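Work through the three exercises below with the model open. Each task is followed by a stepwise solution.

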Amino acid sequence: MTLYRFLNVFAAGVVFFWGLATVRAQEGFGPETAPAGGTVDSPTRPVSSSVPLEATAPIEALMSAGEYDKAIEEAKSLQNSSPDESVKTEAQRLMADALRKKGQWKDAAVAYGRVRDRYTKSSDDYLKYQTIVEILRMSPTGTYRAVAPDSAGGDPPTLADDAHLTEALRHQTGLLVKKVLLRTSVLRRAKTPREIVTLFADVAEGFRQARVLDPNMAAKDERETANMAGTRLQEMADMMVPQLRAKVVKIRVKRERPWSYTNVEKEDIKKCSALVKECASAEGQFQGLLGKVGGSGEWAEGDAIRSQSSDRAATYQSFGDDFIVLPYDTTFW
């Protein structure tokens, strides 16, 4: 791809991907704040907080003792009497847990739906409780068959068991990751650094949402996608930078006779100036996204990807003083 064609693609891409980012924001992707509450050992605790609430401690004590009916009554009473929205949310969650523990799958699905509706649609907690609702609806007998297929002997596990619910959430995470990975193929066809970074941000958000459902999710796919985006950005730079340098040589010659610039040349310089600024900005955003790639343990390759991006950004910024049409005095004596 020639630099001239790239400049045209760049100009069109800025408009298109600004629109994509706006649509994605309107669809409700991204973290949001939400009411606090929850216990540390439950797979249904809110993402936004794991701090237990003093007001709901009696309900939790009843839950621990297996007194689910009493826990449900206490939760209903607390929802009616408490002025604190976070307490009401936690009481509703505990009531949903009690119904699940009792094996009332349909009622539990409805109750978790009410917990979900107390959060904004763009929040991680909304995503989590919506997934739990879907799992319960797909499991009319209480067993999530995708992780507990029919067996000849013994009773199958049910969603009353937190471990089985955790496995179901992990399976849903896997399905979400598969959908996210389908988007990565578009990265290979991206034609501008801004397009690459916008697509990578979208994919990274998908992985982040998957980690909401399974905090212990392996980081392999995320890291491979980051490496793919870094490689594509490097390929783009390898193509553009030599052509930009060739243009700089011509511009420096022209500066000795600034009056000789044609309107076409002036417009070309303006486009190149906008391009290098956009590329440097895209690299900066990419580095920020790399810092959010999940997973535990060292990631030496990530440090290399970040360092290469920093070098590319510095190269693009170095063109800043070159793509300028210098003013000149038109007064004749």
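**Exercise 1.** In this predicted model, state which helix holds threonine 184 and whether threonine 184 is buried or exposed.

Solution.
- Threonine 184 is part of helix H7.
- Its relative accessibility is 8%. Buried means under 20%, so threonine 184 counts as buried.
- The side chain of threonine 184 reaches the backbone oxygen of leucine 181 at 2.6 Å.
- Leaving aside residues up to four places away in sequence, threonine 184 touches Val203, Thr225 and Met228.

**Exercise 2.** Classify the ring pair of tyrosine 119 and tyrosine 129, then the pair of phenylalanine 200 and phenylalanine 286.

Solution.
- The structure holds three aromatic pairs.
- For tyrosine 119 and tyrosine 129, the ring centres are 5.9 Å apart and the planes are at 25°, so the pair is stacked.
- Tyrosine 119 sits in the loop between helix H5 and helix H6, and tyrosine 129 in helix H6, so the pair ties together parts 10 residues apart in sequence.
- Tyrosine 119 is buried at 6% relative accessible area, and tyrosine 129 is buried at 0%.
- For phenylalanine 200 and phenylalanine 286, the centres are 5.4 Å apart and the planes are at 65°, so the pair is edge-to-face.
- Phenylalanine 200 lies in helix H8 and phenylalanine 286 in helix H10, so this pair ties together parts 86 residues apart in sequence.
- Both phenylalanine 200 and phenylalanine 286 are buried.

**Exercise 3.** Describe the lining of the second largest pocket.

Solution.
- The pocket volume is about 310 Å³.
- Its lining has 17 residues, with Arg45, Lys128, Val212, Leu213 and Pro215 nearest the centre.
- By class, seven are nonpolar, three polar and seven charged.
- Helix H8 gives the most, with four residues.

Conventions:
Residues numbered from 1 in each chain as written. Predicted model: local features only at pLDDT ≥ 70, side-chain atom pairs only at ≥ 80, totals over all residues. Heavy atoms only, no water. 1 Å grid on protein atoms, 1.4 Å probe; cavity = no way out; pocket = protein on both sides within 12 Å on 5 of 7 lines; lining within 4 Å. Points joined across faces, edges and corners; volume = space filled by probe spheres on them. Helix = DSSP H or I, 4+ residues; strand = E, 2+ residues; numbered from the N terminus. Nonpolar A, V, L, I, M, F, W, Y, C, P; charged D, E, K, R; others polar. Buried < 20%, exposed > 50% of the residue type's maximum accessible area, 1.4 Å probe, protein only. Polar contact = N/O pair within 3.5 Å; in protein donor to acceptor, adjacent residues only side chain to side chain. Contact = heavy atoms within 4.5 Å. Phe/Tyr/Trp six-rings, centres within 6.5 Å; stacked < 30°, edge-to-face > 60°.
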